[in-house]
Amino acid sequence: MDLFSSIDLEPERKRMEELAAEIDRLNYEYYMNDRSLVSDFEFDRMLRELQDLERQYPELASPLSPTKRVGGEINKSFRQVQHRFPMLSLGNTYSIEEIEDFEARTRKLLDGKEFSYTCELKYDGVAIGLTYRHGLLQQAVTRGNGTVGDDITTNAKTIPSIPLRLRGEYPDDFEVRGEVVYPFDAFEAANRQREAEGEDPFANPRNAASGSLKLQDSAECAKRKLLFCMYFMMGPDDVILKPTHYERLEWARQMGFMVQPYIKECRNIDDIKAFIQHWDKARWELPFGIDGIVIKVNQTALWEQLGTTAKSPRWAIAYKFKAERVSTRLESISYQVGRTGVVTPVANLTPVWLGGTTVKRATLVNADFISKMDIRVGDHLLIEKGGEIIPKVTGIDPDQPRGGAAPTRYINVCPECGTPLVRADGEAGYYCPNSDGCHPQIVGRLEHFVSRKAMNIDTLGPERLELLYQAGLVRNVADIYQLERSQLIGLGADQSATIQDKSADALIKAIQQSREVPFERVVYALGIRYVGEVGGKKLARYFKDIDHLMNASEEELAQVEDVGDVTAHAVRQWFDRDEHRQIVERLRQYGLQMETRIEHGDNTLDGMTLVVSGVFSRFSRDEIKADIEHHGGKVSGSLSSKTTYLVAGEKMGPEKRKKAEKLGIPIISEDDYVALASGSQAQS
């Protein structure tokens with residue numbers, strides 16, 4: 001008998017539909033009309049209520065629920081899909097003369113017919129196609145080779161500007177094309193976060209957007225805050241009833257798609273050239289990258305007459321902006337030391353105007369980059385921005401004489417503390433190993449510790465931390481918790497960071513409140529190399545308290561999901577240092593949270609370590625992992641002799657099964673797991 005057959009679920013179904021509709025409406029107003037109709041708190045409350053209902057009644061959950069926006073599904077491989085309509089590439093040109101030739105050729109082919117053009121921005125992102133049936137999103141596919149692409153539907157659902165269900169009137173079965181871009185503000189925020197976690201920054205928004213769409217964990221894709229800009233509708237003529245491309249875009253906007261307003265209907269070549277010239281200068285004012293302009297014949301009925309080449313339509317062309325590049329003199333090379341000790345060479349340049357800003361500095365990446373290009377002080381370097389927002393050195397200006405200086409010798413001691421630099425095997429950069437005596441490393445760790453995603457002591461900004469350091473009040477993160485009000489008042493007189501009575505009170509209060517920050521964020525705040533926000537959470541939840549984490553072997557650390565050998569080695573090295581253990585003990589004495597506060601429904605899985613693999617019917621991968629922790633168990637990312645059970649779902653790889661059998665680890669099904677968690681014996 002069906003468990004739910006005797007239960008009236010109509011009230012729950014109705015409530016879930018109401019919540020989904022309201023959240024969809026609020027999302028539409030926020031992302032399409034820039035209107036926030038409720039507080040973040042109220043929005044999150046509704047989303048949590050819907051998530052709770054979907055967990056309780058999974059058979060009522062819609063695959064297009066707005067909860068899919070936050071992600072959580074794991075996709076180990078991306079199925080290849082053949083495009084129903086080939087994704088042709090556009091012919092490109094960097095020449096206004098070739099645009100004139102295109103316009104003249106089009107007029108000749110159309111032989112006196114009346115027509116116009118649409119001019120649009122050419123987004124610097126990743127092209128995808130979205131299929132909709134009966135107003136619902138069915139599939140999202142990357143361009144691939146134009147004929148076959150990857151199915152990225154799960155990740156696409158996390159992008160708020162991709163409607164899961166359409167509004168108003170729409171064709172019954174059609175496809176839209178568009179570009180996924182990484183907005184500059186979100187891209188910069190992501191790079192700041194990566195650098196704070198000791199990871200390399202993304203090279204540019206376009207590559208970062210492409211990589212985001214292929215992330216296996218859709219929850220990580222959701223964090224990237226990508227944007228989908230729609231630019232095309234595909235379908236049979238009897239389905240797409242609008243006679244011009246411009247009208248189709250306006251119709252798509254009414255359906256709920258984000259169609260950027262930077263579109264113009266142009267009558268002749270002069271209008272086209274004016275549009276290109278405007279955006280060649282104004283592109284730097286946009287919140288995302290573009291690399292050109294797309295010109296299309298507006299009247300769709302004429303497209304068939306104009307036809308296509310083997311790769312490109314004859315009714316459209318793309319004018320690409322030349323990557324903005326300038327030449328400027330390298331005045332000197334300086335070296336910056338980050339909080340993890342990595343040393344980055346920086347080019348100090350004769351100030352030059354580039355892409356809407358004055359550029360004075362640019363990264364020289366590392367020693368290998370300088371050596372390969374033979375960069376010397378006095379050289380004129382070529383600096384580009386293109387569609388990127390970070391200036392980069394692309395070479396030496398061949399039209400300028402060499403600077404005449406001797407070849408650059410990369411420094412071999414830390415520019416801050418004089419300690420000999422170290423270069424680890426397999427790493428491109430040098431770093432300073434004097435972590436406890438090097439000023440920028442110390443202050444960098446302090447800044448990381450108090451940051452919002454760590455201990456969130458927001459009253460301690462960089463200036464105040466520097467002030468406390470110079471005054472000798474703070475030398476490590478534990479010192480923050482022994483600060484007294486009397487020490488703070490008046491500190492930094494005649495400086496912008498001066499601390500007065502009220503700000504001293506606020507600072508002490510913020511420090512006290514940080515004692516309630518969860519253990520997982522304390523682990524992240526310690527600033528261990530390679531341990532980011534997610535890594536801190538995984539380590540805290542696996543080991544449960546600081547003592548088990550602090551004393552874990554490298555092998556045990558590597559068992560934690562998403563913690564590899566490199567991170568495990570870094571964690572073990574960090575805790576092996578007596579001074580770090582002393583800091584941890586002091587933080588414990590000052591009342592910081594040193595154990596997880598997961599509220600277990602019971603402890604039926606206490607002492608057990610489970611590995612989860614495959615696809616499950618009752619749970620998503622994240623849900624079953626959370627359920628294991630809820631019952632007091634540990635989740636590991638790899639099998640070892642210490643694994644208690646392998647929970648096997650559908651499509652589990654044969655290698656996992658073979659390894660479990662070799663190690664003698666019991667393999668249990670999803671039903672076995674449910675029985676085990678409820679207190680019954682699992683079947684091996």
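**Exercise 1. Find which residue stands opposite valine 181, then work out how strand β7 is placed in this predicted model.**

Solution.
- Step 1: Valine 181 has leucine 227 of β8 opposite it.
- Step 2: Now look at the whole pairing. β7 and strand β8 (residues 227-234) are joined by seven bridges and run antiparallel.
- Step 3: Turn to strand β4 (residues 126-133), which is antiparallel to β7 and linked to it by eight bridges. Here tyrosine 132 faces phenylalanine 174 of β7.
- Step 4: Check burial, taking buried as under 20% relative accessible area. Strand β7 (residues 173-181) has eight of its nine residues buried, so the rest of the structure largely encloses it.

**Exercise 2. Locate arginine 224 and decide what surrounds it.**

Solution.
- Step 1: Arginine 224 sits in the loop between α7 (218-223) and β8.
- Step 2: Arginine 224 is buried. Leaving aside residues up to four places away in sequence, its contacts include Tyr182, Arg194 and Phe202.
- Step 3: Look for an opposite charge. The nearest such side chain, glutamate 220, is 5.4 Å away. A salt bridge needs a distance within 4 Å, and arginine 224 has none.

**Exercise 3. Trace the open sheet of five strands and find its edges.**

Solution.
- Step 1: The strand order is β2-β11-β10-β3-β9, and the pairing is mixed.
- Step 2: β2 (92-93) and β9 (264-266) are the edge strands, each pairing on one side only.
- Step 3: Strand β3 (residues 117-123) runs antiparallel to β9, with three bridges between them. Tyrosine 117 has cysteine 266 in β9 as its bridge partner.
- Step 4: Finally, add helix α8 (residues 245-255), which lies across β3, β9 and β10 (290-297) at about 55° to β3.

Key:
Residues numbered from 1 in each chain as written. Predicted model: local features only at pLDDT ≥ 70, side-chain atom pairs only at ≥ 80, totals over all residues. Heavy atoms only, no water. Buried < 20%, exposed > 50% of the residue type's maximum accessible area, 1.4 Å probe, protein only. Helix = DSSP H or I, 4+ residues; strand = E, 2+ residues; numbered from the N terminus. Pairing = 2+ DSSP bridges. Lys, Arg positive; Asp, Glu negative; His and termini not counted. Contact = heavy atoms within 4.5 Å. Axes fitted to C-alpha atoms, helices over the stretch in contact; angles between N-to-C directions.
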